[in-house]
Amino acid sequence: MTTSLTAYRARWIVPVDARPIANGVLVVSGDRIVRVADQWPGPMTDLGDVALIPGLVNCHTHLEFSALTEPLSPGLPFTDWIRRVIRYRQEQPGIVPQAIQKGLSESLAGGVTLLGDIASTGWTWADYTNAAMRPRCVVFQELLGLSDERVAAQIELAKQHSSANQPFDIVGLSPHAPYSVHPELLGAALIEAQARSTSIAVHLAETAAERELLADASGEFREFLSSLGLWREGIFGERTFADWLHALAELPRALVIHGNYLNQSELAMLARSPHVTMVYCPRTHAAFGHPPHPWQDLIAIGGTVAIGTDSRATNPDLSLWRELQFLAAMHPDMPQHDLLKLGTLTGAKALGCGSQCGSLTPGKRADVAAVSLADPASCDPVYQLLNTGNEIAGTMLAGRWVCGRFARREEAQG
Ligand SMILES: [Zn+2]
């Protein structure tokens, strides 16, 4: 059986792993990309003044908060913000399934075709798999616990989640953060990840107070945990971020979420382990008013950085494109093509999918986003693609336009 070829001509094709092609052609067969070229002898569908880019990769979100219409006051001190999250979860106990579905469709409409989601409680696989069209997900089961009973139950949960057999999605584990995970629970999660080659994601160095807690068992988090009745003696003290980074470096693949307060020697450790990716969430980082993020320092010494939106509990939307535009506006001297790579190919590799997606490369899945160009005649995609006014106009998933104007056109044509 032969599968027919469909060729799309666009003002720009931006493969990301090669230079952009003006008036290029993307040829798709079934769910695969078969050719990226500057000309094509056969019939073509002309998409007009758009740039075709790889489907965007959102390396970090918590879809359970996707029903929120505005962030939960991210300007507050961090532990106060966590209290708000706890209260929201208590007030909205049954909202997780619909929030996950809402978040998946918002992500897909925004050009995201692969995402890393932290799943906490109140969810099932059906919340993901019921959606007919959605991004592929790496679902990291969140693990939290400081008491002996809780740790034992969470270790069981980690084992159960790691052995889930999902045909389309990928399982991961997320020992939450230094202030919420007993060392024994972290150790068990790392052993599980090592044994099964499971991805791990940890929130690390999001705040300066974590360093104080790890080193001296003191500070903001001690007060916070004590006030909730969760403080345990003997868990914290004489520990460092470097201990966590050493442990993560032993894994096949890991994500360090945020890393806002990692110092130069910790960044150097990360750089020596490029399979451990730091995930920078630019708008969330800005909303909390942290000092400048060290992502460029890490890249400069050879480390790996990918991009996430974080959740709607800290961000107004789940648009990875807006995240990249925000970065481009903050760093006008940086080639936007480099930023786009962080939000596509680097993210795909970080989530363990780099051989299947993340760039417009023959043989990879035809996961593509179309960007409408505000000024098509003069747009240089290396420096101007992320400019204000250029918007995601459509999403192709496995060779089919599923969102935006081209999906509607295909539907009309039957
Ligand atoms: Zn997070």
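These legends accompany several close-up views of a predicted model.

**View 1. The zinc ion sits among three histidines: His60, His62 and His203.**
Start here if you like metal sites. Each histidine offers its NE2 atom to the zinc ion, at 2.1 to 2.2 Å. Along the sequence the donors follow the spacing H-x1-H-x140-H. His60 belongs to strand S6 (residues 56-61) and His203 to strand S10 (residues 199-204), so this pair ties together parts that are 143 residues apart in sequence. Both His60 and His203 are buried.

**View 2. The largest pocket has a volume of about 900 Å³.**
Its lining is made up of 40 residues. To find the centre of this pocket, look for Ile82, Ile86, Arg89, Glu142 and Leu144, which lie nearest to it. Four elements each supply at least two lining residues: helix H1 (78-91), strand S8 (136-143), helix H4 (148-162) and helix H7 (220-227). Helix H1 gives the most, with eight residues. Sorted by class, the lining has 18 nonpolar, 15 polar and seven charged residues.

**View 3. The second largest pocket has a volume of about 200 Å³.**
Here 14 residues form the lining, and Thr304, Asp338, Lys341, Leu342 and Thr346 are the ones nearest the centre. Helix H13 (336-342) and helix H14 (345-350) are the elements that give two or more residues to this lining. H14 provides the largest share, four residues. The lining of the second largest pocket divides into six nonpolar, four polar and four charged residues.

**View 4. Arg211 and Glu266 meet in a salt bridge.**
This is one of 15 salt bridges in the structure. The N to O distance between the two side chains is 2.9 Å. Arg211 is in helix H6 (residues 209-216) and Glu266 in helix H9 (residues 264-271), and the pair links parts of the chain that are 55 residues apart. How accessible are the two partners? Arg211 has a relative accessible area of 31% and is therefore partly exposed, whereas Glu266, at 5%, counts as buried.

**View 5. A salt bridge joins Arg322 to Glu391.**
The closest N and O atoms of the pair are 3.1 Å apart. Arg322 lies in helix H12 (residues 320-330) and Glu391 in strand S15 (residues 391-397), so the contact ties together parts that are 69 residues apart in sequence. Arg322 is partly exposed, with a relative accessible area of 32%. Glu391 also counts as partly exposed, at 29% relative accessibility.

**View 6. Arg365 and Asp367 form a buried salt bridge pair.**
In this view, the closest N and O atoms of Arg365 and Asp367 are 2.9 Å apart. Arg365 is buried, and Asp367 is buried as well. Elsewhere in the model, Glu64, Arg89 and Glu142 are joined into one network by salt bridges that share partners. Two of these names should ring a bell from View 2: Arg89 and Glu142 are among the residues nearest the centre of the largest pocket.

**View 7. Tyr8 and Trp401 form an edge-to-face aromatic pair.**
The model has 14 aromatic pairs by the rule used here. In this one, the rings of Tyr8 and Trp401 are 5.9 Å apart, centre to centre, with 85° between the planes. Tyr8 comes from strand S1 (residues 5-13) and Trp401 from strand S16 (residues 400-404), so many residues separate them that the pair links distant parts of the chain, 393 residues apart. Tyr8 and Trp401 are both buried.**View 8. Phe78 and Phe221 pair within an aromatic cluster.**
The ring centres of Phe78 and Phe221 are 6.4 Å apart and the planes meet at 70°, so the pair is edge-to-face. Phe78 lies in helix H1 and Phe221 in helix H7, so the pair ties together parts that are 143 residues apart in sequence. Are these two rings buried or exposed? Phe78 counts as buried at 8% relative accessibility, and Phe221 is buried with a relative accessible area of 0%. The cluster is formed by Phe78, Trp81, Tyr179, Phe221 and Phe288.

Key
Residues are numbered from 1 along each chain as its sequence is written. This is a predicted model: local features need pLDDT of at least 70, side-chain atom pairs count only at pLDDT 80 or more; totals for chains, interfaces and linings use all residues. Side-chain values use heavy atoms; hydrogens and water are left out. On a 1 Å grid over the protein atoms alone, a cavity is a set of points where a 1.4 Å probe fits but cannot get out, and a pocket is an open set with protein on both sides within 12 Å along at least five of seven lines; lining residues have an atom within 4 Å of a point. Grid points are joined across faces, edges and corners, and a volume is the space filled by probe spheres set on the points. Ala, Val, Leu, Ile, Met, Phe, Trp, Tyr, Cys and Pro count as nonpolar, Asp, Glu, Lys and Arg as charged, and the others, Gly among them, as polar. Donors are N, O and S atoms within 2.8 Å of the metal (3.2 Å for Na, K and Ca); water is not among the atoms, so sites may look incomplete. Buried means under 20% relative accessible area, exposed over 50%, partly exposed in between (1.4 Å probe, protein chains only). A salt bridge is a side-chain nitrogen of Lys or Arg within 4 Å of a carboxyl oxygen of Asp or Glu. Rings of Phe, Tyr and Trp (its six-membered ring) pair if their centres lie within 6.5 Å; planes under 30 degrees apart count as stacked, over 60 as edge-to-face and the rest as tilted.
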